[in-house]
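Keep the sequence and the 3D view side by side. The text below moves from one part of the fold to the next.

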Amino acid sequence: TLFRSLIQKLTEDAKACERKARVALPECEAAKTLQAARRVADDGIGIPVLVSPADIIRATAEEAGVDLTGMQIADTSDADALEELASRFMDAGKPRMLSAKGIRRKLKNPMWWAMVMEELGDVDCTFCGHVNTTGDVLMCAQMTIGLAEGVDVPSILALVETPGFEGPEGGVICFTDCGLNPEPNASELASIAISAADGVRSIMGWEPRVGFLSFSTKGSGAGQSVERVREALDLVHERRPDIDADGELQLDAAIDMAVAAKKVGGASEVAGRANVLVFPDLNSANIAIKLVQRFAKGAAYGHTLNGFAKPVADSSRGATVDEIVGDIAMLVLSTR
């Protein structure tokens with residue numbers, strides 16, 4: 001029910017967007033892609049753009065019993081269309097990491113076709129990952145769309161909903177980075193925080209308050225990880241002074257006003273009211289999210305890759321159609 005309530009909110013918010021986002025879906029050999037696309041179209045979440053050879057799209061649709069009405073098709077077996085797309089990509093006046101020959105070869109893969117379309121503005125976002133590996137998705141996004149300004153690394157945020165938790169945004173809070181960077185350095189940690197702040201602002205409509213977590217609160221402990229967190233905080237203030245961020249903070253000082261009042265000397269916009277929690281490394285983020293799921297029966301949600309110049313999602317291989325639809329709703333909201 002928790003999972004459903006957050007998904008329902010994301011789905012309703014996506015439906016309410018005045019301009020319908022065009023969602024590129026390149027993994028059309030999977031029945032789940034087309035079943036999710038049908039729901040996205042029927043529910044008014046976005047406009048599915050199916051990116052694959054047209055005969056594969058039709059065969060999968062027939063097998064899955066999916067009507068393709070109201071969906072757009074980008075036929076990747078069309079040699080003329082490939083040539084035109086490759087030329088537009090190379091002639092867009094931006095430095096490219098691939099040669100003209102290289103991009104023509106890559107465009108034989110529908111995921112590359114989809115992200116080149118996104119880079120050129122033909123679609124608004126790309127959803128993939130339940131067929132392609134995370135490594136392949138990241139490589140493709142990096143070489144076509146590229147990272148946002150001021151960001152060194154892509155990252156993943158999770159929206160975590162916990163029974164009985166009452167934070168500044170109700171029962172939901174953001175954890176980051178929950179999936180990609182094992183031991184981020186200070187600059188990477190700053191990137192992760194900036195990306196998450198921008199992500200929750202567009203997806204959830206929150207005014208982000210970023211708490212950098214540690215075993216120490218404002219000098220109560222010492223160590224290399226504490227130094228790294230402090231340095232990351234300074235970099236966020238330098239790169240993005242518009243983002244409210246504070247640290248280093250123990251978890252209770254980040255989310256509990258009474259504890260913050262005791263532990264944090266001086267005024268803080270964030271302490272006790274953080275809605276984005278930045279973990280010092282993937283170890284702590286992964287353990288924390290699983291503790292919440294197992295002990296507190298919480299739900300964690302989100303496969304949108306943060307940090308790219310345009311929105312891309314890397315779905316879980318085992319995702320259900322329901323989960324894919326929820327992920328697409330979240331992706332659509334990140335285009336706002």
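**A walk through the fold**

Strand E7, helix H9 (residues 224–239) and strand E8 form a right-handed β-α-β unit. The model is a predicted one. Start with E7, then follow its partners.

E7 covers residues 209–213, and 5 of its 5 residues are buried. Side chains of a regular strand alternate between the two faces of the sheet. In E7, Arg-209, Gly-211 and Leu-213 point one way. Val-210 and Phe-212 point the other way. Both sets are buried.

Which strands pair with E7? One is E8 (residues 244–249), which runs parallel to E7 and is joined to it by 4 bridges. Within this pairing, Arg-209 has Asp-244 of E8 as its bridge partner. The other is E9 (residues 276–278), also paired in the parallel sense, over 3 bridges. Here Phe-212 stands opposite Val-278.

E8 also holds an unusual bond. In general, most peptide bonds are trans, and most residues other than glycine have a negative phi. The bond joining Gly-247 and Glu-248 is cis, with omega about -10 degrees. Glu-248 belongs to strand E8. A cis bond also runs from Thr-176 to Asp-177, where omega is near -5 degrees. Asp-177 sits in the loop between strand E6 (172–176) and helix H8.

Now look at backbone phi. Lys-218 is not a glycine, yet its phi is positive, near 50 degrees. Its place is the loop between E7 and H9. Is Lys-218 buried, partly exposed or exposed? Lys-218 is partly exposed, because its relative accessible area of 36% falls between the 20% and 50% cut-offs. Lys-297 has a positive phi too, about 55 degrees, and is likewise not a glycine. This lysine lies in the loop between helix H12 (282–295) and strand E10 (299–301). Lys-297 counts as exposed because its relative accessible area is 61%, over the 50% cut-off. A glycine joins the list: Gly-146, just after helix H7, takes a positive phi of about 80 degrees.

Turn to H8, which spans residues 186–204 and contains Ile-194. Why is Ile-194 classed as buried? Its relative accessibility is 3%, and buried means under 20%. Leaving out residues up to four places away in sequence, Ile-194 touches Gly-150, Val-236, Arg-239, Arg-240 and Ile-243. Two of these names, Val-236 and Arg-239, fall within the range of H9, residues 224–239. Ile-194 and Ala-245 are 51 residues apart in sequence. In space, their C-alpha atoms are 9.5 Å apart.

Next comes H7, residues 134–144. Its buried residues are Val-137, Leu-138, Cys-140, Ala-141, Met-143 and Thr-144. An α-helix has 3.6 residues a turn, so residues three or four places apart point the same way. What covers the buried residues of H7? The cover includes helices H4 (79–90) and H6 (110–119). Strands E4 (125–128), E11 and E12 (312–314) are also part of this cover.

E11 leads to another buried position. The strand runs over residues 304–306 and includes Asn-306. Asn-306 is buried, because its relative accessible area is 7%, under the 20% cut-off. Which residues does Asn-306 contact, leaving aside neighbours within four places in sequence? A run of partners goes through Val-153, Pro-154, Ser-155, Ile-156 and Leu-157. Ser-195 and Gly-199 are in contact with Asn-306 as well.

H13 (residues 321–333) is a helix of 13 residues. From its first C-alpha to its last, H13 reaches 18 Å, close to the 18 Å expected at 1.5 Å a residue. How much of H13 is buried? The count is 11 of the 13 residues, so H13 is largely enclosed by the rest of the structure. Among the buried ones are Val-321, Ile-324, Val-325, Gly-326 and Asp-327. The list goes on with Ile-328, Ala-329, Met-330, Leu-331, Val-332 and Leu-333.

Finish with the rings. The structure holds 1 aromatic pair. Where does Arg-96 lie relative to Phe-89? Arg-96 is over the face of the Phe-89 ring, at 3.8 Å from the ring centre.

Conventions:
Residues numbered from 1 in each chain as written. Predicted model: local features only at pLDDT ≥ 70, side-chain atom pairs only at ≥ 80, totals over all residues. Heavy atoms only, no water. Helix = DSSP H or I, 4+ residues; strand = E, 2+ residues; numbered from the N terminus. Buried < 20%, exposed > 50% of the residue type's maximum accessible area, 1.4 Å probe, protein only. Contact = heavy atoms within 4.5 Å. Phe/Tyr/Trp six-rings, centres within 6.5 Å; stacked < 30°, edge-to-face > 60°. Lys NZ or Arg CZ within 6 Å of the ring centre and 35° of its normal. Expected span 1.5 Å × (residues − 1). Pairing = 2+ DSSP bridges. Right-handed = clockwise from strand over helix to strand, strands pointing away.
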